[in-house]
Amino acid sequence: MGKGRILNESRTLENLPLEELELVDAACDSVNQSWLKGEPTRIEEIVLGAPESLRRVMLMELVRTEVELRLASGEQPDPAEYTNRFPQWNNELKTCIDQSLTVPLMGMDPNCMKAIGSRFEVLGLLGRGGMGVVVRARDLKLDREVAVKLLAPELTRDRLAKQRFLREARLAASVRHDNIVTIYSADEINAVALIEMELVEGESLAKRIQRLGALATAEVVDISIQIARGLGAAHAREMIHRDIKPANILIEDLGRNQSMRVKITDFGLARVSSDASITRTGIVIGTPQFISPEQADALPLDHRTDLFSLGSVMYSMCTGQTAFQAASVISILRLVADRDPTPIQQLNPQAPAWLVKIIEKLMAKKPADRFQSAGELIEALTNKGFKEPGVNAAKPRLHPGWAITAGAILVCGLLVLPSLFRKKADNNHTDGNDRPLTRQSLGEEHSTARQHPLLSDDYVWETPVNLGPGINSLDNEENACLSSDGLNMIFNRIASDGLALYESRRINVNEKFGTALPLQTEFNQQSADGPFLSFDGLALYFGLVHSNDSRNRDLWVSKRNSLKDSWGPAVSLGPNVNTTGYEQSPWVSRNGLTLIFSRSISGKFKLFEATRAHEDEDFGEAQELANVNEGDCSSFPRLTDDGRLLLFVHSAKESQKVGLWVAMRDSVKGVFGYPTELGPVVNAPQVTSGPSLSSDERTIYYSKRRSADSAYDFDLWSVTRVRK
């Protein structure tokens, strides 16, 4: 590597941007795979190929990974070997390796529970596994019950296991979906590494199969579709689970009158789990009955490895037993790689032929012979076969137009106090639920995203609910923004003397919001509006009037160091975002690297997107989004966590009606299709602003008139999608 400085001692694994974290993770995967094939890669070559600013951090992680692999294979690495190979990092490498070799294992005993007692009250044991234990606990800071995964003793002997455990959790937290267990935080408390997760009330699929044996066909299909939806969201983020198995599938009990909800757990943690299960010969054992042939042969993996594993899970649901059974791990791996399992109908004659064909296709030995995406699988399960009907894409039909109001001007106009000029709207909407969103209206290319709860024909809208007196007053409330835990709401209150940001809190998501209070900040005196709160709650984005000129509103951000701290000063998002015109309604991705907002062009609001490489940099030049700006107004964007569904306020061309619409794309790198209106249950009386999404993306918070006859009063409401 030469004697040059690898760079930047202040950079650590904990403060890397997500994109660089993924590069480090991929490099560790590469070292892991090469060891499994018996062809260890020289880590010098990988480090030299990395960006210069990342080389030091990557070197430390790769050395830790290699030391762990050598220990697992029965070797005893000599620290001097590494310090001689990398003399410029002599002291740091020696400390790192010495810790890996000498730190004693932490027993999972009452001392461990005591160690985390300042943050969690442990209520009981939920399960054990190769990664450690999962306990039911109460988060004392947020007063909610959660699941907490504690790293296993054999993985806590040095910083390597802890850092990789927390790194993988951070990667997994970047994917949020209704069918994936939400990760709230990853932390280390008194030397105990832990992950705080959503608590799912129910049982694992493994226990369900053990209890019931082969499941009914309808249940197999329902569970499989929900797993595929979760995988599709992750694959859209270019993440692979690598350990899909019944034990990692949780079935949530929704009550007597609702169907089951399925959630994938341990997402993104499979590589750590695998590394913890390496034999002396270097074979990853993990859960061999459910790994793919390419995993068994230590070949490069892509998202199709998860689809094979899902096929093996479906095989177990249909038969009550695993597809590959043998006396030893090596024998199972060979069966996975080379042999077909016992035919399903030989074990369960009641299994329908069309479902058997789908499972056989999923479990093809070659990835190219399987379904190529989770979306393809969902289509096959929905249509009971492989045939996909051809439908010509078409633009959506529009509902009858309503007379435009000054409430729409708040979204699409350039007034400081637009609520003062609102007029009564016609009430020409159609009664009943929304019309189904078909592939004809959305475009065939977006059929897989149609499975999202906001759009799926399996769900219907409930009646909208007023958020109550804690938030709503005799003035006008608009532009809701919900915190990721659902406990805080920041919004605009618009009165005769101006508009400002208010905040309301609640103890849990089943309670009403408490009395709203104005944010005590200097920028809140400058007609702040359109708030958006980052996922971690430490950054607040909003619009501010520039120099008391109502025709010029820019986007700004305020930050704080913790949830208990006050908001800092407002900082402009810079000239690449802000112009001499009017920018409003920001949305920022979870990693802070993508911004979508609206900008006024010739009196019409359009949606733009800007990106950046690191959170401490300015956003790049904003680009107009295609297809979604063909109407008279597009504003207040909210993107779902899989990056494929855009929810926003929209007014179709010449319709003079403002409401909530959606547009979809195949992947986070794709182009959005033409928008479709959500329909009368949501959009009547007329929507003026918002929206905000709950963490499960089933509930929308938005502003609409208090009643159909109200000409002036706008309140914040919620409307939820529930299963039929």
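Here is a walk through a small sheet, the helices that touch it, and a pair of helices further along the chain. Keep in mind that this is a predicted model.

Let's start with the sheet. Three strands make it up, lined up in the order β6-β7-β8, and the sheet is open with antiparallel pairing. That order puts β6 (202-204) and β8 (261-264) at the edges with a single partner strand each, so each of them has one side left without a neighbour in the sheet. Going from one strand to the next, the twist averages 25°. If you zoom in on β7 (residues 249-252), you'll find that β7 pairs with β8 over 4 bridges, in the antiparallel sense. To find your place in that pairing, look for Leu250, whose bridge partner in β8 is Lys263.

Now for the helices against the sheet. Helix α8 (residues 205-212) packs on it and touches β6 and β7, with a direction at about 85° to that of β6. Helix α9 (residues 217-236) lies across β7 and β8 instead, and runs at about 40° to β8.

Next, jump along to α15 (residues 353-362) and α16 (residues 374-383). The axes of these two helices come within 10 Å and cross at roughly 165°. An angle over 145° counts as roughly antiparallel, which is why α15 gets that label relative to α16. As for handedness, the crossing of α15 and α16 is right-handed.

What do the two helices meet through? On the α15 side there are Trp354, Leu355, Ile358 and Leu362, and they meet Leu377, Ala380 and Leu381 of α16. Sort the residues of this contact by type and you get 7 nonpolar, no polar and no charged.

How values were computed: Residues are numbered from 1 along each chain as its sequence is written. This is a predicted model: local features need pLDDT of at least 70, side-chain atom pairs count only at pLDDT 80 or more; totals for chains, interfaces and linings use all residues. Side-chain values use heavy atoms; hydrogens and water are left out. Axes are lines fitted to C-alpha atoms, for helices over the stretch in contact, and angles run from 0 to 180 degrees between N-to-C directions. Angles under 35 degrees count as roughly parallel, over 145 as roughly antiparallel, 65 to 115 as roughly perpendicular and the rest as oblique. A crossing is left-handed if the near helix is turned anticlockwise from the far one by less than a right angle, and right-handed if clockwise. Contact means heavy atoms within 4.5 Å. Ala, Val, Leu, Ile, Met, Phe, Trp, Tyr, Cys and Pro count as nonpolar, Asp, Glu, Lys and Arg as charged, and the others, Gly among them, as polar. Two strands pair if DSSP finds at least two bridges between them.
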